[in-house]
Amino acid sequence: MPELPTQYAPADVETRSYERWVSAGHFTADPGSHGAPFSVVLPPPNVTGSLHIGHALDHSIQDALTRRARMRGLATLWLPGTDHAGIATQNVVERELAKEGLSRHDLGREAFVERVWQWKEESGGRILGQMKKLGDGVDWSRERFTMDPGLSRAVQTIFKRLFDDGLIYRAERIINWCPRCLTALSDIEVEHSEDEGELVSIRYGEGDASIVVATTRAETMLGDVAVAVHPGDERYRHLIGTKVELPLTGRMIPIVGDEHVDPAFGTGAVKVTPAHDPNDFEIARRHSLPSLTVMNERGVITAHGPFEGLDRFEARPAVVAALRADGRIVAEKRPYLHSVGHCSRCKTVVEPRLSLQWFVDVSPLAKAAGDAVRDGRTRIHPPELAKRYFDWVDDMHDWCISRQLWWGHRIPVWYGPEGEVVCVGPDEEPPAGYAQDPDVLDTWFSSGLWPFSTLGWPEQTPELAKFYPTSVLVTGYDILFFWVARMMMFGLYAMDGQPPFRVVALHGMVRDQYGKKMSKSFGNVVDPLDWIERYGADATRFTLLRGANPGSDVAISEEWAAGSRNFCNKIWNATRFALLNGATVAAPLPDADSLTAADRWILSRLATVTRAVDAAYEEFEFAKVSDLLYHFAWDEVCDWYVELAKVQIASGHDETKIVLGHVFDALLRLLHPLTPFVTEELWRALTGGESIMVAPWPGADTNRSDTAAEAEIAAVQNLVTEVRRFRSDQGLKPGQRVAARLSLAGTSLASHETAIRSLLRLDEPAETFSPTARLTVASVVVELDTAGAIDVAAERKRLEKDLAAARKEAAQTQAKLGNEQFMAKAPDDVVAKVRGRQAQATADIGRLEAQLSALPTG
RNA sequence: GGGCGCUUAGCUCAGCGGUAGAGCACUCGCCUUACAAGCGAGGGGUCACUGGUUCGAACCCAGUAGCGCCCA
């Protein structure tokens, strides 16, 4: 047996264990296994990314679930991988090129894509290595990347299928455009924030025929083609059908009546800029108005005139100034707080832009995605969050999937010389002379296939047959509609109505110790790798899991990480104690009748805790799992059982060594999914086994439930705690031995005298024993020779405090028992309980009063 | 503007009809032979507010206030 140091040193253990697990193939799934399947796909991190604390939480949960599933004998798969992150990755490589003074256009498409692949091979997926430090038990043999050949084939297959079903179409629409990334974005890639801008009211036309409109984007007036008012608006009804002059341009534009204009908002009149605003685009469509594009893809004004060539943000004040000079400005509000969309990748202000793009008609797909949750084929956990999901899928806009990028899956559509459009499937050849669409697909299009493309779809692989639908998807509630809804749509569509997961288990965001969001600018970001280095991977994981209640945010701090490290160290030393004291796991557990009450008590508690842990896992209550095991391990096993076991072992009760071994074996296995490294190291030392990973998950042995033993040990704990309190109040040093006489005969505590004396450092009374203090706990009288004067004041204070509490309790219970309504309506067990409390309080009052009056006066 | 959630000890959170809990922080005493990353003892809360239901409310209902998140 190796000597264990007195402190747990995580760094020594972690790398060694992880490598052993991988080389032993413990993480490798076997689709041929007879066990019931348990499968999880890792939400693929961005290939450019590195491990942040949110990943650490997400992964800790998945690792806990899959480690436990393996121990339970299930055929377990946890599949890792990364996504190609179109915009982000292209940006990274473009920045590299910029350092060389090059743009992607200098290289050309083919060379650029080659360069991105090169970057990916050399620098991408750093996070995968970092996951190993956290202990993620993923099946590395099945690692996937969204641009792998197989996954690309899946993309092309589903595109073709959707296209043929008429669910993919190309249309000219207003889309979100990033003038920096030079690509379309989907709605969910736009982040809205309340920003300071301006609201300018502009008078169009002259005299009675004039009308005032307000805008936050004055420069877009150059592209106005109409003014719209509500048809029922008395103020403007007479103007509908007339024309006004658009300032600065001299163009005459019509005033139209449109039901969608809100007469109560602003002046009740809105300018209509169809090429640069989605609502205006709709108005224009209803009134057959033309679209006038006045800005290019970089946000530069292209309208002929003095503003041509100005950036949109330069053009805005210039246009306002010109309007002011022309006497057109009626009102200006500045700053004006309003919602502004930003590119989620580069934070540039998004510009609505009219362009020809590819879309998915989501209506049938989104309905199916909603129905799968409504009818319970997929369960969202916690259920409160299902409403958010429904709100999203039941009102989803068509999804813009084309991106004007080079890095990604190129749209498999080819155009013929006469404008023919052909969608090309995986094994098909485009007709000669046709040219492929230059755009690529949204990254979410391929990550939406993740739960089945990674298992080999569209091929009918053993993996797909065994592991789809996956058991649970673990992710943050923030991407419930981003990504979960997309996987649901595609999974149901591709897999004949089988949803991609049985359960979606949502967790929250990781926050700092004050519940504040972590942000670089605020400086409160925790780097999980830093914690792993300083506190260990287990402590990092345990800190996160201990705060993880379903769907709610997790607050963490340095102190808590230290606390978790301390817990790991506690387990370490407790197991060391067991080892040093001959704990054995080889022998069968003795029958109850050859065990002490302490042995039977801890086995009873183990059964209860094991069952509670299982129940908590079913509800993804990781905080509860962690808390249960923390308190069982520390407060019961370490603080009491180990102390009692010392006495029993010293007295030659060898069965205790078996119980000790049994309890630690089970405890380590229960803890393993949460803290894999320290438990592996200890379990190997304790049992000599190969790996705790392949040890069975402990069953709750309810045959060992023993309420009598629990009551007996509770009485011991009560007595010991009371006497310790007395000792503490009297200023007796913990180590100081005191002679005492205990009246245990005839009580259930009689057999525990040795243990009680040991825990309390009480010596047997000598011939000359002369007690200086006397206290009673329940029915036990303890007389002590404190070898000095008793601190009467301290003792009186103590007793008076207890007496006050007992009197209060007596009064409260008496009030209840004297209440006829209560006696008539409260259930019997509640009444009995109150009676019990009443009796206890009355007895305590008598005892305490007696002790008080026995105190020497003065 | 619409929707959802939260408000319990100094901080972060459990508890969700029958004696207010945990971790950390705090106070006091201890190197007691597994562990000072520790041991023992202790202090600390009109459970946001106002009404209602109930024998009984932190918990259920209604309203108020404050905070947060999502969507528009």
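The legends below describe close-up views of a predicted model of a protein with RNA strand B.

**View 1. Surroundings of RNA strand B in the predicted model.** RNA strand B is surrounded by 47 residues, and the closest are Gln 7, Lys 570, Arg 576, Lys 801 and Lys 825. Of the atoms of RNA strand B that come within 4 Å of the protein, 64% belong to sugar and phosphate. By class, the residues of this surface are 16 nonpolar, 12 polar and 19 charged.

**View 2. Helices that contribute to the surface near RNA strand B.** At least two residues of this surface come from each of helix 11 (386–393), helix 18 (558–580), helix 20 (622–650), helix 23 (707–729), helix 25 (792–817), helix 26 (820–825) and helix 27 (828–854). Helix 18 provides the largest share, 10 residues.

**View 3. Polar atom pairs between the protein and RNA strand B, at Arg 576, Cys 638 and Asn 819.** At Arg 576, a side-chain N or O atom is 2.6 Å from a sugar or linking oxygen of RNA strand B. The side chain of Asn 819 likewise places an N or O atom 3.1 Å from a sugar or linking oxygen of the strand. At Cys 638 the protein atom is a backbone N or O, and its partner, 3.2 Å away, is a base nitrogen of RNA strand B.

**View 4. Packing of helix 19 against helix 20.** The axes of helix 19 (residues 597–618) and helix 20 come within 10 Å and cross at roughly 170 degrees. The two helices are therefore roughly antiparallel to each other. On the helix 19 side, the residues that meet helix 20 include Trp 601, Ile 602, Leu 606, Val 609 and Tyr 617. Residues of helix 20 in this contact include Phe 622, Leu 628, Phe 632, Trp 640 and Leu 644. The contact of helix 19 with helix 20 comprises 18 nonpolar, 1 polar and 4 charged residues.

**View 5. Helix 17 and its contact with helix 20.** Helix 17 (residues 537–546) has 9 of its 10 residues buried, so it is largely enclosed by the rest of the structure. The buried residues are Ala 537, Asp 538, Ala 539, Thr 540, Arg 541, Phe 542, Thr 543, Leu 544 and Leu 545. Helix 17 packs on helix 20 at an angle of about 120 degrees, with the axes 7 Å apart. These helices are therefore oblique to each other. Helix 17 makes the contact through Phe 542, Leu 545 and Arg 546, and helix 20 through Phe 622, Ala 623, Ser 626, Asp 627, Tyr 630 and His 631. By class, these residues are 5 nonpolar, 2 polar and 2 charged.

**View 6. Environment of Leu 354 in strand 14.** Strand 14 spans residues 351–360. Leu 354 has a relative accessible area of 14% and is therefore buried. Leaving aside neighbours within four places in sequence, Leu 354 is in contact with Glu 172, Arg 173, Ile 174, Ala 275, Phe 281 and Ser 291. Leu 4 lies 350 residues from Leu 354 in sequence, with 69 Å between their C-alpha atoms.

**View 7. Environment of Glu 783 in strand 29.** Strand 29 spans residues 780–785. Glu 783 is buried, because its relative accessible area is 17%. Neighbours within four places in sequence aside, the contacts of Glu 783 are Ala 739, Ala 740, Arg 741, Phe 769, Pro 771, Ala 773 and Arg 774.

Conventions:
Residues numbered from 1 in each chain as written. Chains lettered and ligands numbered in written order. Predicted model: local features only at pLDDT ≥ 70, side-chain atom pairs only at ≥ 80, totals over all residues. Heavy atoms only, no water. Near = heavy atom within 4 Å. Polar contact = N/O pair within 3.5 Å; in protein donor to acceptor, adjacent residues only side chain to side chain. Helix = DSSP H or I, 4+ residues; strand = E, 2+ residues; numbered from the N terminus. Nonpolar A, V, L, I, M, F, W, Y, C, P; charged D, E, K, R; others polar. Axes fitted to C-alpha atoms, helices over the stretch in contact; angles between N-to-C directions. Parallel < 35°, antiparallel > 145°, perpendicular 65-115°, else oblique. Contact = heavy atoms within 4.5 Å. Buried < 20%, exposed > 50% of the residue type's maximum accessible area, 1.4 Å probe, protein only.
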